[in-house]
Amino acid sequence: MGENRKDNRQIKFRVSDHEYEELEQTANNFHMSVPAFAKKRAMGYRMKPPKVDKSGAIEIAKQLRAIGNNVNQLTRRANASNGKIDSEELQAIKKELHEIWQQFN
């Protein structure tokens, strides 16, 4: 029995070295393999390059983890004080999330 894949049809086509390099460069911008990228384009998907590069994504992930820790601390304090939440702290967290969100727009 063949490879275990959901897609059972295969399309092969040849490209020049130059064409392949162009495909590879563009696919890398989308963090995709050349075949995955070529399939999306062939299927007519209009693709926009990601607004954040890899190092930017790593930095955003760090910021989100820090915000998650802040939310956990706020929740623990709220539970300890019968559900009272420090609204200034909550506003600061909302502001940080908003700043992260702006990086995508």
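A salt bridge here is a side-chain nitrogen of Lys or Arg within 4 Å of a carboxyl oxygen of Asp or Glu. With that in hand, let's walk through some close-up views of this predicted model.

**View 1. Glu-89 and Arg-77 meet in a salt bridge.** The nitrogen-to-oxygen distance between these two side chains is 2.3 Å. This pair links distant parts of the chain, with Arg-77 in helix H3 (residues 54-80) and Glu-89 in helix H4 (residues 87-102), 12 residues apart. Both partners are partly exposed: Glu-89 has a relative accessibility of 25%, and Arg-77 has one of 41%. Under the rule above, the count for the model comes to 4 salt bridges.

**View 2. Asp-7 pairs with Lys-39.** Here the closest N and O atoms are 2.7 Å apart. Asp-7 sits in the segment before helix H1 (17-29), while Lys-39 belongs to helix H2 (residues 34-42); the two are 32 residues apart, and their pairing links distant parts of the chain. Asp-7 is partly exposed at 39% relative accessible area, and Lys-39 is partly exposed too, at 43%.

**View 3. Lys-95 and Glu-99 form a salt bridge within helix H4.** Their closest N and O atoms lie 3.1 Å apart. The two residues are 4 residues apart in H4, about one turn of the helix. Lys-95 counts as exposed because its relative accessible area of 55% is over the 50% cut-off. Glu-99, with 42%, is partly exposed. Turning back to the segment before H1, salt bridges that share partners join Lys-6, Asp-7 and Lys-39 into one network.

**View 4. Four residues make a nonpolar patch on the surface.** Its members are Ile-11, Phe-13, Val-15 and Tyr-20, and together they have about 440 Å² of accessible area. Take a moment to find Val-15, which belongs to the segment before H1. Val-15 is partly exposed, with 33% relative accessibility.

**View 5. The largest pocket has a volume of about 930 Å³.** A total of 21 residues line this pocket, and those nearest its centre are Arg-9, Gln-10, Ile-11, Pro-35 and Lys-39. You may recognise two of these names: Lys-39 is the salt-bridge partner of Asp-7, and Ile-11 is part of the nonpolar patch. Helices H1 and H2 each supply at least two residues of the lining, and the largest share, 6 residues, comes from H2. By type, the lining divides into 11 nonpolar, 8 charged and 2 polar residues.

**View 6. His-31 has a positive phi although it is not a glycine.** The value is about 55 degrees. To find His-31, look in the loop between H1 and H2. Is His-31 buried or exposed? His-31 is exposed, at 54% relative accessible area.

**View 7. Asn-82 also has a positive phi without being a glycine.** Phi is near 55 degrees for this residue. Asn-82 is placed in the loop between H3 and H4, the two helices that hold Arg-77 and Glu-89 from the opening view. With a relative accessibility of 75%, Asn-82 counts as exposed.

Notes. Residues are numbered from 1 along each chain as its sequence is written. This is a predicted model: local features need pLDDT of at least 70, side-chain atom pairs count only at pLDDT 80 or more; totals for chains, interfaces and linings use all residues. Side-chain values use heavy atoms; hydrogens and water are left out. Buried means under 20% relative accessible area, exposed over 50%, partly exposed in between (1.4 Å probe, protein chains only). Patches are made of residues with over 30% relative accessible area and no salt bridge: like charges are joined within 9 Å, nonpolar side chains (Val, Leu, Ile, Met, Phe, Trp, Tyr) within 5 Å. Accessible areas come from the Shrake-Rupley method with a 1.4 Å probe; for residues, only the protein chains shown count as cover. On a 1 Å grid over the protein atoms alone, a cavity is a set of points where a 1.4 Å probe fits but cannot get out, and a pocket is an open set with protein on both sides within 12 Å along at least five of seven lines; lining residues have an atom within 4 Å of a point. Grid points are joined across faces, edges and corners, and a volume is the space filled by probe spheres set on the points. Ala, Val, Leu, Ile, Met, Phe, Trp, Tyr, Cys and Pro count as nonpolar, Asp, Glu, Lys and Arg as charged, and the others, Gly among them, as polar.
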